[in-house]
Amino acid sequence: MDVVFRENAYTLAHTVCGWYNVSHTAKVALVGTDRMDLLHRLTTNKVNHLQVGQGTQTVLLTEKARIIDVAVVSVEAESIILHLTDTTATAVQAWFKKYIVMDDVKVRDISQNFASFRVFGPQSALLLQDLTGENHADLPYFSSNQRTLFGVDCTIIKLHQFVEQNFLVMCAHDKAENIIQGLRSLTSIAEIHEGEYEVLRIEAGIGKIGHEWTEEHNPLEAQLVGLVDFKKGCYIGQEVIARLDTYNKVKVRLMGFESETALPIGAEFRDGNNIIGSITSSCYSPTLQRYIALGYIRSAFANPDVEITAYHDVSSYSLRMVKLPFVV
């Protein structure tokens, strides 16, 4: 099925507010007395300082430092919730269980228990303040408030910027329809569908599971260095990350590409007969009025403002490399 793009919804997200139902993404709960210690030992970012109501974002890696998922961490009184970007918790559950030996930790897939929504845009904080009576804009990143929204008890988490302000709203799964109908009743904001969200994601330079975030790449290649704490000590994949950083051995880098023509996913960059990278996501940006793409390219060739050619089947495409994000 073709993904439909609606420019009016895209425009509202950029100028007022948009919301996107992300209930399809998986959620995992860690419970048990050793849950914080285990998470700290396994993931890239520091988490053992977090208190109830606080959170962060971290990367789950294989032993070879390849990306399994990028998770938002939310600390609750009796558990730690990981909001994943994948649509299934199977791989993450298996990954945790592999490293639980004597730890008092259980890993539970709670995806079916909760619904979640992204609310973002320049007036999203004001909208949530009007609806809940609470100023969420001043929250530290990844911290949360417990508030009532359209008569439903919700957790509201402040996320990193995405089309300016950005929040995650989570509620019980059986109350999701209340939130959906409540948001749909606000005709001045846009319900964002997959097509518009994909454009906004690429404009923001954010990776996606199966595209930029795969077990072929590590966080340094994927421009996720901000989610790596180089001072926290050992975690799964840490030795590889440290070696890549110390010896500047990052082989490829995620870059942005601009073109006057549509760019097919999988189009390759070449140096002679050698493939040096490829396009992983692409779309047309109404804001920039040109086609844009994300892709990996060998570090030696990853230079902003340089012209480069991509090849797909018998066609070639002229591109210009740019720093990410495309749209701030």
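**Exercise 1. Which residues gather in a patch of positive charge on the surface?**

Solution. The structure is a predicted model, in which local features need pLDDT of at least 70, side-chain atom pairs count only at pLDDT 80 or more, and totals for chains, interfaces and linings use all residues. Residues are numbered from 1 along each chain as its sequence is written, and side-chain values use heavy atoms, with hydrogens and water left out.

Step 1. A patch takes residues with over 30% relative accessible area and no salt bridge, like charges being joined within 9 Å. Areas follow the Shrake-Rupley method with a 1.4 Å probe. Lys and Arg count as positive, and their charges are placed at NZ of Lys and CZ of Arg.

Step 2. The members of the patch are Lys-64, Arg-66, Lys-251 and Arg-298.

Step 3. Arg-66 sits in the loop between strand 3 (55-61) and strand 4 (67-75); strands are DSSP runs (E, at least two residues), and helices are runs of H or I with at least four. With a relative accessible area of 31%, Arg-66 is partly exposed, a class that lies between buried (under 20%) and exposed (over 50%).

**Exercise 2. Determine whether Thr-56 and Ser-74 are buried or exposed.**

Solution. Step 1. Thr-56 belongs to strand 3 and is buried, because its relative accessibility is 11%. Its side chain makes a polar contact with the side chain of Asn-45 at 3.5 Å (a pair of N or O atoms within 3.5 Å, one able to donate a hydrogen and the other to accept it).

Step 2. Ser-74 belongs to strand 4 and is likewise buried, at 2% relative accessibility. Ser-74 lies 4.5 Å from Gly-55, C-alpha to C-alpha, although 19 residues separate them in sequence.

**Exercise 3. Describe the salt bridges of Glu-196 and Glu-198.**

Solution. Step 1. Side chains of opposite charge can pair when their charged atoms come close. A salt bridge requires a side-chain nitrogen of Lys or Arg within 4 Å of a carboxyl oxygen of Asp or Glu; the structure holds 13 of them.

Step 2. Glu-196 pairs with Arg-6 at 2.8 Å, N to O. This pair links distant parts of the chain, 190 residues apart: Glu-196 in helix 6 (residues 194-203) and Arg-6 in the segment before helix 1 (7-15). Glu-196 is buried at 0%, whereas Arg-6 is partly exposed at 25%.

Step 3. Glu-198 pairs with Arg-201, also at 2.8 Å, N to O. Both lie in helix 6, 3 residues apart, about one turn of the helix. Shared partners join Glu-198, Arg-201, Lys-208 and Glu-212 into one network of salt bridges.

Terms used. Patch = residues over 30% accessible without salt bridge, like charges linked within 9 Å, V, L, I, M, F, W, Y side chains within 5 Å. Buried < 20%, exposed > 50% of the residue type's maximum accessible area, 1.4 Å probe, protein only.
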